[in-house]
Every structure is written in structure tokens, then in C-alpha cells.
Amino acid sequence: RAQPVRIVEIGAGTGGTTLPVLRELDATGGVEYLFTDISPAFLRRARNRFGGAYPFVQYRQLDIERDAAAQGFTPGTHAVAIAANVLHDTRDIVRPLRQTRRLLAPGGVLLLTEYTEVKPWLFFSGALLHGMWLFEDDARRLPQFCLLGAAQWRHALDEAGFTDIEVFALPTQNEAHCGQCVIVCRASEEALPAEIAAADAPEAHVAAAGAAAPGDAAPVSSWL
């Protein structure tokens with residue numbers, strides 16, 4: 001029996017991206033979909049919303065800024081990771097990208113969509129949210145804001161160990177001037193050393209400062 005293709009969605013939230021993806025996957029079969037979020041409330045809501053119609057979905061709490069293995073996730077077991085407008089709400093963008101890479105099998109695919117320009121309406125829709133102002137890596141961000149431009153995403157993904165990075169904008173826009181981009185890339189074939197991934201987690205940095213502190217993945221080449 002063929003192994004299922006394992007997909008993890010990071011910071012799935014209200015499921016706005018999840019629903020159209022599940023509708024497409026439902027007819028495909030051979031898929032395990034892992035819905036994750038930092039909030040237990042979003043997990044409960046997702047179970048109620050998707051549980052009956054999509055039995056191939058599992059639900060687990062995940063803080064992508066912390067060591068994924070320490071949260072019970074097996075490294076290298078997912079063929080695809082999806083993250084929609086979520087990874088910018090972090091302290092240091094390279095850390096969650098490395099944790100995401102760690103979840104992926106070597107050669108696994110990350111599908112990322114993010115706003116890549118500052119728009120005035122973003123201040124009305126998100127400026128009062130805690131996550132928008134978490135960032136501490138100003139040099140990697142757009143001026144005085146949590147977002148990254150397309151070129152900054154390329155650099156951060158490369159630093160985190162992703163390859164074959166492709167940025168897609170609307171037909172009327174280009175990479176240098178796009179309000180929102182879809183970014184597709186691969187986890188490098190070299191597995192991320194566990195000590196690097198663990199050291200990237202915020203709790204490791206706190207400890208260093210002296211403060212208190214399932215299953216095999218289907219081979220990526222078999223379905224691409």
C-alpha cells in the first residue's frame with residue numbers, strides 16, 4: 001500500500017486557506033493533512049468545521065517559533081508545508097522558517113503566501129493584534145513594519161536552508177512591486193541538524209541568557 005502524502009498547514013487559524021485546499025484534496029485520496037495553530041480555540045473550531053467532511057485531517061497545537069521536535073513533531077515527515085499570511089508574525093523570521101524546514105522531508109515543498117508591501121488598510125485590520133509587533137529583526141523587514149518584501153523573503157528562505165525559491169506575483173505586477181506574493185521553494189536535501197533547529201528556538205536563547213527557562217513520509221519524488 002502506498003504511503004500517504006503528508007501535508008502540514010502552519011498557523012491555519014480560521015481555516016480560510018484550509019477549506020479550498022481540502023476541497024481539492026478530497027477527490028485525490030492518499031493524503032494526510034495536519035491542521036496546526038498556536039491557539040487551542042482555532043483547533044476546536046477547525047474540528048467542528050472540518051471533522052465530519054474531511055476525516056483525513058488531524059489537528060495539533062504548534063508554536064512554530066519553538067523547537068518542533070520538543071513539541072512532539074517528528075522531523076522530516078512531511079512532503080508539503082503550507083503557511084498563509086502567518087510566518088511574519090514572529091520575532092526572528094529565520095527561526096520559524098528553520099522549524100518549518102525541519103518538519104519537511106529533504107526536498108519537501110513549502111507553499112507560502114504573504115503580503116509583501118505595506119498597505120494603509122493593514123493598520124486597520126491588524127495593527128491592534130499582538131503578533132504584528134512581535135518582530136525583533138528589523139533589518140530583515142520592511143521599514144518599521146512586520147512584513148518582508150519579496151527579496152527579503154528570498155534571503156530569509158535561503159538562510160533557513162530552502163532552495164529553488166520561486167516568487168509569483170499578479171500578472172499586472174512584478175517581484176519588485178507586488179502587494180502579495182506566492183512563494184514556492186524546497187527544503188534542501190541536507191537534513192537540518194537537530195542542534196541548529198533546537199538552538200534557534202526562543203527558549204534556547206532564554207536558557208543561554210541564564211533565565212528560567214507519526215509515521216514515515218512518502219518520498220517527495222514519488223508524487224511531484
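Strand β1 is a good place to start: it is mostly covered, with six of its six residues buried. Keep in mind that the model you are looking at is predicted. Both faces of β1 are hidden, with V5, I7 and E9 on one side and R6, V8 and I10 on the other.

What does β1 pair with? One partner is strand β2 (residues 31–37), which runs parallel to β1 and is joined to it by five bridges. If you want to find one of the pairs in the structure, look for R6, whose bridge partner in β2 is E32. To get from β1 to β2, the chain passes through helix α1 (residues 18–26), and this β-α-β crossover is right-handed.

Strand β4 is another partner: it also lies parallel to β1, this time with four bridges. Here E9 stands opposite I82, and I10 stands opposite A83.

Now zoom in on I7, which sits in strand β1. With a relative accessible area of 8%, I7 falls under the 20% cut-off, so I7 counts as buried. Which residues does I7 touch, leaving out those up to four places away in sequence? They are L25, V31, E32, Y33, L34, H78, V80 and I82. You can also see how the fold brings sequence positions together: I7 and A81 are 74 residues apart in sequence, but their C-alpha atoms are 5.8 Å apart in space.

**On to β4, α3 and β5**

Seven of the seven residues of β4 are buried, so this strand is largely enclosed by the rest of the structure. Besides its bridges to β1, β4 has six bridges to β5, and those two strands run parallel as well. One pair to look for is H78, which stands opposite L104 in β5. Together, β4, α3 and β5 form a β-α-β unit, and it is right-handed.

How many residues of α3 are buried? Ten of its ten, which makes the helix mostly covered. The buried set isn't just nonpolar names, either: it includes R95, R98, Q99, R101 and R102, along with V94, L97 and L103. Take R98, which belongs to helix α3. Its relative accessible area is 18%, and since buried means under 20%, R98 makes the cut. The C-alpha atoms of R98 and I64 are separated by 9.2 Å, although the two residues are 34 apart along the chain.

**A glutamate in a loop**

Next, E65. You'll find E65 in the loop between β3 (57–61) and β4 (78–84). E65 has a relative accessible area of 6%, so this loop residue is buried. What does its side chain reach? It gets to the backbone nitrogen of R91, at 2.8 Å.

**The nonpolar cores**

In soluble globular proteins, nonpolar side chains tend to be buried together. In this model, the largest nonpolar core has 31 residues, and the ones touching the most other members are L87, L97, L110, L157 and F162. Several elements give two or more residues to this core: β1 (5–10), β4, α3 (94–103), β5 (104–115), α5 (150–159), β6 (162–168) and β7 (180–187). There is another core apart from this one, made of 19 residues, including L19, L22, V31 and V57.

L157 is a nice one to click on. Not counting residues up to four places away in sequence, L157 touches L97, L110, L112, F162, I165, I183 and C185.

**The cysteines**

How many disulfides are there? The count comes to one. It joins C178 to C181, with the sulfur atoms 2.4 Å apart. The torsion about their S-S bond is about -50°, so the disulfide is left-handed. Both of these cysteines are buried. C146 and C185 are buried too: C146 has a relative accessible area of 0%, and C185 comes in at 1%.

Here are some of the buried residues from this tour, side by side:

| Residue | Relative accessible area |
|---|---|
| C146 | 0% |
| C185 | 1% |
| E65 | 6% |
| I7 | 8% |
| R98 | 18% |

Notes: Residues are numbered from 1 along each chain as its sequence is written. This is a predicted model: local features need pLDDT of at least 70, side-chain atom pairs count only at pLDDT 80 or more; totals for chains, interfaces and linings use all residues. Side-chain values use heavy atoms; hydrogens and water are left out. A disulfide is a pair of cysteine sulfur atoms within 2.5 Å. Buried means under 20% relative accessible area, exposed over 50%, partly exposed in between (1.4 Å probe, protein chains only). A polar contact is a pair of N or O atoms within 3.5 Å; within protein, one must be able to donate a hydrogen and the other to accept it, and residues adjacent in sequence count only if both atoms are side-chain atoms. A nonpolar core is a set of buried Ala, Val, Leu, Ile, Met, Phe, Trp, Tyr and Cys residues joined through side-chain atoms within 4.5 Å. Contact means heavy atoms within 4.5 Å. Two strands pair if DSSP finds at least two bridges between them. A crossover is right-handed if, with the strands pointing away from the viewer, the path from the first strand over the helix to the second runs clockwise.
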